[in-house]
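User: I'd like to practise reading strands, sheets and a buried side chain. Could you walk me through a case?

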Amino acid sequence: CTLSLALLAYPSVAASSPQWSQTLLWKAGTDGYETFRIPGVVATARGTILAYAVGRRVLKDGDWSDSDIFFRRSTNGGSTWGPAYRVAGNSHGVTDNPVAIADRRRGVVHLLYQHNYEQIFYMRSNNDGKSFTQPVEITSALVGLRTEFHWTVVALGPGHAIQLRNGRLLVPVWMAEGVSTGNGRRKHSPTAITTLYSDDDGKTWRHGDLIAVNSPDLPDPNEMQVVQLADGNIMANIRSGGKQMLRAVSISADGVSHWTRPHFDEHLYDPICAAAIVRYGTDPEDGRDLLLFTNPDSQSLSDRSPLSHGLRRNLTLKMSENGGGTWPISRLLHEGSAGYSDIAVAPDKMIYVIYEGALKPGDKANSVSILRFNLAWLKSAGHLEQH
């Protein structure tokens, strides 16, 4: 089922005319799932686009709903998509927060997820996401951190994770010292953030240093994404629960240790929601280094009022031309109710944004769609907002 104005032909690398399409991948209320959430997307070395999301069975249970992880594949640049297939979960318990890494080697995709907010599992595909190995539990890699932060809740991402240029697999992690609320459930605060990494192709995993812990300066740092910048440094882009309503940023040379003290990015408004960040690469026109960022930018609706916490509307893509120093360009992607999102840049430089969105005014953002467009569309005259 598509919402596109027209399905576009698979583009060439040199395509300079604006191209755009939109596809509904998972619709709320279908196949026994009341909602589909927590989407992610990666583009493999072969150019296959892998979209994934979590089907939650009971809406009222929220994050603690029985849930499963589903994938869909496109081998023609997003023009058509194969059927959904379940990769993890058995419809009992919380199987959530999928985080994929597209390896630079052809065919290899890594996948991590959490179960009941207390276990972390790793899987691997050697056939471009068609199938995955049996899950291996790797929770023990994080146990050592309990001497510094006594977590009882653990989750990943959400969205995608990355492979560094030296081959290291790097996954963002958030944890909580959550007290029990009964029925095996625990509060998702107070929180701390760190990374998981593997230097041996996913065979073993270790935890990095704590990046930030709940404090008055940075309340409840939690869901984040990481990106490797042009200079090789790793940037963590962090959600928090603070009244500042801004994304926080920290930098590390290796993604594991010596993280800088997080600071708020005055250019990136945050309605207290997950966001996505990816490096596009260099602009073919002027050689500038481009980063792309998406989240619901409801600042114009909320005026940063405390009442606007949780107001998730108007999914917006922002572009930085100097490695995240400033974000002067933005474009509205979805007007109305919108939530979590993720971004991928394919080998042919097409851009994919997957997101939770409402299908009509008044609906909640409980369905998952994907946008496909090129840099020319993003930069096309008459559509950009310059700040």
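User: In what sense do strand β8 and β9 pair, and over how many bridges?

Analyst: Keep in mind that this is a predicted model. As a general idea, the strands of a sheet pair through backbone hydrogen bonds, and that pairing is either parallel or antiparallel. Here β8 (residues 119–125) and β9 run in the antiparallel sense, with two bridges between them. To find the register, look for Y122, which sits opposite V136 in β9.

User: Which sheet do they belong to, and what is its strand order?

Analyst: They're in an open sheet of five strands, ordered β9-β8-β7-β6-β11, and the pairing is mixed. Its edge strands are β9 (136–137) and β11 (159–160), each of which pairs on one side only.

User: Which strands form the open sheet with antiparallel pairing, and in what order?

Analyst: That one has four strands, in the order β19-β20-β21-β22. The edges are β19 and β22 (263–269); each has a single partner strand, so one side of each lacks a neighbour in the sheet. Ignoring direction, neighbouring strands here are turned by 30° against each other on average. For a closer look, take β21 (residues 246–252), which pairs with β22 in the antiparallel sense over three bridges. L246 has Y269 of β22 as its bridge partner.

User: What about β10: which residues point one way and which the other?

Analyst: Read the strand by the directions its residues take. In β10 (residues 153–156), V153 and A155 point one way, V154 and L156 point the other way, and all are buried. This strand pairs with β13 (residues 169–176) in the antiparallel sense, over four bridges. In that pairing V154 stands opposite M175 of β13.

User: Now a single residue. Is E223 buried or exposed?

Analyst: Start with relative accessibility, where under 20% means buried. E223 comes out at 7%, so it counts as buried. Along the chain, E223 lies in the loop between β18 (212–213) and β19 (224–228).

User: Which side chains make polar contacts with the side chain of E223?

Analyst: There are two to look up. The E223 and R239 side chains are joined by a polar contact of 2.5 Å, and another, at 2.9 Å, links the side chain of E223 to that of Y340.

User: And which residues does E223 touch, leaving out those up to four places away in sequence?

Analyst: R239 and Y340 turn up again, along with G157, P158, W174, N237, I238, R247 and A274.

How values were computed:
Residues numbered from 1 in each chain as written. Predicted model: local features only at pLDDT ≥ 70, side-chain atom pairs only at ≥ 80, totals over all residues. Heavy atoms only, no water. Buried < 20%, exposed > 50% of the residue type's maximum accessible area, 1.4 Å probe, protein only. Polar contact = N/O pair within 3.5 Å; in protein donor to acceptor, adjacent residues only side chain to side chain. Contact = heavy atoms within 4.5 Å. Pairing = 2+ DSSP bridges. Axes fitted to C-alpha atoms, helices over the stretch in contact; angles between N-to-C directions.
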